[in-house]
Amino acid sequence: MSPQNSSSEFPPAPGLDPAISAALKRDDAGLVAAVVQQHDTGEVLMLGWMDDEALHRTLTTGRVTFWSRSRQEYWRKGDTSGHVQWVKSVALDCDGDALLVRVDQVGAACHTGTHTCFDGRELPVLAATDAAS
């Protein structure tokens, strides 16, 4: 299996609405970034990658499925860890090159065991923090 590139180069995955597939703007590997957010708090949990098939599985099963760039295979969040992501909604951004997947996260979202992939990873911001000045 391999991710699909642009909708003009490849047909949509079987079952994925062709209008959704046509709206996706994929990278050179045929993938769209999927930002995963906790539905009730707005906390950003992680970033994954989806092609048409991963998006179709996510929309139809109620569980988030990604394309693993390193393993070159589909993976469903929580199948090995038990840290399941239950889909609440999926939205496409204005450019069609990113998805916002709102979930109910069970357990840690990050493969390191932390609640989010962004725990303890703050970078120093040197720009002014007061937008009014």
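1. A residue is called buried here if its relative accessible area is under 20%, exposed if over 50%, and partly exposed in between. By that criterion, D52, A54, L55, H56 and T58 of helix α2 are buried. The model is a predicted one, and the points below should be read accordingly.

2. Overall make-up. The protein has 2 helices and 6 strands, and from the N terminus these elements follow one another as α-β-β-α-β-β-β-β. Of its 133 residues, 36% are buried. The exposed area is about 7,900 Å², with 54% of it supplied by carbon and sulfur atoms. Among contacts with a separation of 6 or more, 46% are between residues 24 or more positions apart.

3. The sheet. An open sheet is formed by 4 strands in the order β2-β1-β6-β5, with mixed pairing. Its edge strands, each pairing on one side only, are β2 (44-50) and β5 (85-92). From one strand to the next the twist averages 25 degrees.

4. Pairing of β1 with β6. Strand β1, residues 32-38, runs parallel to strand β6, residues 98-105, and the two are joined over 6 bridges. Within this pair, V36 is placed opposite V101 of β6.

5. Helix α2 on the sheet. Helix α2 (residues 52-61) packs on the sheet and touches β2, β5 and β6. The helix direction makes about 120 degrees with the direction of β5. The buried residues of α2 have a wider set of partners: they pack against α1 (18-23), β2, β3, β4, β5 and β6. The hairpin strands β3 and β4 are thus included among the elements that these residues pack against.

6. Ends of α2. At the N-terminal end the cap is D51, with a side-chain oxygen 3.2 Å from the backbone nitrogen of E53. After the helix comes G62, which has a positive phi near 85 degrees.

7. The β3-β4 hairpin. Strands β3 (residues 65-68) and β4 (residues 73-76) pair in the antiparallel sense over 4 bridges. T65 of this pair stands opposite R76 in β4. There are 4 residues between the two strands.

8. Q72. This residue lies in the loop between β3 and β4. Q72 is not a glycine, yet its phi is positive, at about 55 degrees. Is Q72 buried or exposed, or partly exposed? Q72 counts as partly exposed because its relative accessibility is 46%, which falls between the cut-offs of 20% and 50%.

9. Salt bridge D52-R26. The structure holds 5 salt bridges, one of which joins the side chains of D52 and R26 at 2.6 Å, N to O. This pair links distant parts of the chain, with D52 in helix α2 and R26 in the loop between α1 and β1, 26 residues apart. D52 and R26 are both buried. D52 is therefore a buried charged partner within α2, listed with A54, L55, H56 and T58.

10. Salt bridge R63-D79. R63 and D79 also form a salt bridge, their closest N and O atoms lying 2.9 Å apart. Here too the pair links distant parts of the chain: R63 is in the loop between α2 and β3, D79 in the loop between β4 and β5, and 16 residues separate them. The two partners fall into separate burial classes. R63 is buried because its relative accessibility is 9%, whereas D79, at 48%, is partly exposed.

11. The network around D79. Which residue forms a salt bridge with D79 at 3.0 Å between the closest N and O atoms? That partner is R76. R76 has a relative accessible area of 32% and so is partly exposed. Through shared partners, the salt bridges join R63, R76 and D79 into one network. R76 is also the residue of β4 that stands opposite T65, which places one member of the network in the β3-β4 pairing.

12. Points to check in the model. For α2, look at the D51 cap on E53 and at the buried pair D52 and R26. For the hairpin, look at the positive phi of Q72 and at the network of R63, R76 and D79.

Methods:
Residues numbered from 1 in each chain as written. Predicted model: local features only at pLDDT ≥ 70, side-chain atom pairs only at ≥ 80, totals over all residues. Heavy atoms only, no water. Pairing = 2+ DSSP bridges. Axes fitted to C-alpha atoms, helices over the stretch in contact; angles between N-to-C directions. Contact = heavy atoms within 4.5 Å. Buried < 20%, exposed > 50% of the residue type's maximum accessible area, 1.4 Å probe, protein only. Areas by Shrake-Rupley, 256 points an atom, 1.4 Å probe, with all protein chains shown as cover. Polar contact = N/O pair within 3.5 Å; in protein donor to acceptor, adjacent residues only side chain to side chain. Salt bridge = Lys/Arg side-chain N within 4 Å of Asp/Glu carboxyl O.
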